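Thanks for coming, everyone. I'd like to spend a few minutes walking through a structure with you, so please have a look at it while I talk.

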Amino acid sequence: MSSSPAEREELSRILVAAGHGDQRAFAELYRRTSSRLFGVCLRMLRDRGEAEDTLQEIYTTVWRRAGSFDPARASAITWLVTLGRNKAIDRLRQHREAPLPDPAIALDLVDEQPSPATDAELSQERQRLERCLDALEPQHKAAVRAAFFSGATYNELAAHCSVPLATMKSWIRRSLIRLRTCLES
Amino acid sequence: MNTPTDHDRDDLRYAEYVLGVLDADARAAVEREIHDNPQAAAAVALWQRHLLPLSEDIPAVAPADYVWARLQSGLGLAPDIPAPAPARRRLWDSLPLWRWLGIGASMLAAACLVMLFSTPLPAPITVGAQYMVSSIQQDNGITGWTAAMDIQHAQMVVVPATPAAIAGDRSPELWLIPPGGKPMPLGVIARDKPTTVKLRPDQLANLTAKALLAVSVEPAGGSPTGQPTGPVVAKGPISGA
């Protein structure tokens, strides 16, 4: 997402080629994107073995379903990260019937300083989203970030923040409505 | 017919789906709507464009090489497709490595040194999950051997720590046990000096954080059947260095 338009277009072409069964294109796609997706899996699953299994599952699905990628509807990286997050969340839901104590979620909630990169390195979309997030109350912004990065359910988030479930739902729902207004304005 | 309120409520649910806060049942319901209803699919796609830029904040981490090896064999891809090599951190910058070495695993340090000096020096020396380690413990809790695996050079060095005595006409044999799989023989190992084991691609593909190394006592020269025939005297999980 933080790449140039030319790079995005190239990645899109590679994904389309992989969708036609081009094995070299698939290997190149893996080379360019696996670190990004593995970072996402590790962050959500917090276990190297689980993250590796999920990454394998993600690229197996990519190989089989790349033909359904439509460059007119989404960028290649959005398509891939979406697929990756969905697989990671599915795995979290399979394993976590009951909320586990997870200090990292609490950390996400207090870790207010996001930006690992300077503004110049972030995409325009990311910068715009940050401006809209900044307009939220700090606690609500933190809850939205924690939800996104952890893949935790409302129940889990409420338990970790020691707030009632209804409070957590209201923080996040109000934030989402305000974000939509801000981003679509 | 949908009222504006219904529309808003659905849209919020799609946002919650993309954010990742819904439980398994509610997620499955949204996924059915995406499949059946183009309007739902478009609304979800819009939320993905809105929220996914947050993922730029997550640092990229190069996966271990064996993940590609597993994919390649799992999908039946041509073996001549070159292994993609994402950028990796340098060995000396690896905090987990130093932490690992710092917890008194002197025999492992010895194994790493053996490996560094016995392989042609790649430039730069890299780590991440290119190296994996295992402390193979006996039932009495004492480490019998330590193993250090060099994925890039497809080899493992197994260094004896304090292996228990076994009968003179028997040999310790090393096995790789994938999760839920049969033991794969890695050969007889020495009790008095490091043993270097060359790893085939099918063995490399099974070197994961969920696999185990185990040592069984076999007739001199190793198991005649290709599976363990004697008692397992030591085992240890594999982890990234």
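I'll go through some helix contacts, then a cavity, then one loop residue.

Before anything else, keep in mind that this is a predicted model. A quick word on how I'll describe the packing: two packed helices are described by the angle between their axes and the distance between the axes.

Let's start inside chain A, with helix H2, residues 23-45, and helix H3, residues 48-65. Their axes come within 9 Å and cross at roughly 140°. As for the hand, H2(A) goes past H3(A) in a right-handed crossing. If you want to find this contact on your screen, look on the H2(A) side for residues including A:Phe26, A:Tyr30, A:Leu37 and A:Leu45. Over on H3(A), the partners include A:Leu55, A:Ile58, A:Val62 and A:Trp63. What classes of residue make up the contact of H2(A) with H3(A)? There are 14 nonpolar, four polar and three charged residues.

Now stay with H3(A), but look across to chain B. The axes of H3(A) and helix H4 of chain B, residues 65-75, come within 10 Å and cross at roughly 40°. That angle makes H3(A) oblique to H4(B). This crossing is right-handed. H4(B) brings B:Tyr66, B:Val67, B:Arg70, B:Leu71 and B:Leu75 to the contact. From H3(A) you get, among them, A:Asp53, A:Gln56, A:Thr60 and A:Arg64. A:Tyr59 and A:Trp63 of H3(A) take part here, and they also turn up in the contact with H2(A). By class, the contact of H3(A) with H4(B) has seven nonpolar, two polar and four charged residues.

One more helix pair, back in chain A: H8, residues 154-161, and H9, residues 165-184. Are they parallel or perpendicular? The axes come within 9 Å and cross at roughly 110°, so H8(A) is roughly perpendicular to H9(A). The crossing is right-handed. On H8(A), the contact uses A:Tyr154, A:Asn155, A:Leu157, A:Ala158 and A:Cys161. On H9(A), A:Leu165, A:Met168, A:Lys169, A:Ile172 and A:Arg173 do the job. That contact splits into seven nonpolar, one polar and two charged residues.

Okay, on to the empty space. How many cavities of 30 Å³ or more does a search of the whole structure find? It finds one. The largest cavity has a volume of about 50 Å³. Both chains line this cavity: A:Thr82, A:Arg85, A:Asn86 and A:Ile89 on one hand, and B:Tyr17, B:Val18, B:Gln48 and B:Leu52 on the other. Two elements give two or more residues to the lining, namely helix H4 of chain A, residues 76-95, and helix H1 of chain B, residues 4-19. H4(A) gives the most, with four residues. The lining as a whole has four nonpolar, three polar and one charged residue.

Last stop, chain B again. B:Lys193 sits in the loop between strand E5, 184-188, and strand E6, 195-198. Which residues does B:Lys193 touch, leaving out those up to four places away in sequence? It touches B:Val158 and B:Pro160. B:Lys193 and B:Pro160 are 33 residues apart along the chain, and their C-alpha atoms are separated by 6.4 Å.

That's my tour, and I'm happy to take questions.

Definitions and conventions. Residues are numbered from 1 along each chain as its sequence is written. Chains are lettered from A and ligands numbered from 1 in the order in which they are written. This is a predicted model: local features need pLDDT of at least 70, side-chain atom pairs count only at pLDDT 80 or more; totals for chains, interfaces and linings use all residues. Side-chain values use heavy atoms; hydrogens and water are left out. Axes are lines fitted to C-alpha atoms, for helices over the stretch in contact, and angles run from 0 to 180 degrees between N-to-C directions. Angles under 35 degrees count as roughly parallel, over 145 as roughly antiparallel, 65 to 115 as roughly perpendicular and the rest as oblique. A crossing is left-handed if the near helix is turned anticlockwise from the far one by less than a right angle, and right-handed if clockwise. Contact means heavy atoms within 4.5 Å. Ala, Val, Leu, Ile, Met, Phe, Trp, Tyr, Cys and Pro count as nonpolar, Asp, Glu, Lys and Arg as charged, and the others, Gly among them, as polar. On a 1 Å grid over the protein atoms alone, a cavity is a set of points where a 1.4 Å probe fits but cannot get out, and a pocket is an open set with protein on both sides within 12 Å along at least five of seven lines; lining residues have an atom within 4 Å of a point. Grid points are joined across faces, edges and corners, and a volume is the space filled by probe spheres set on the points.
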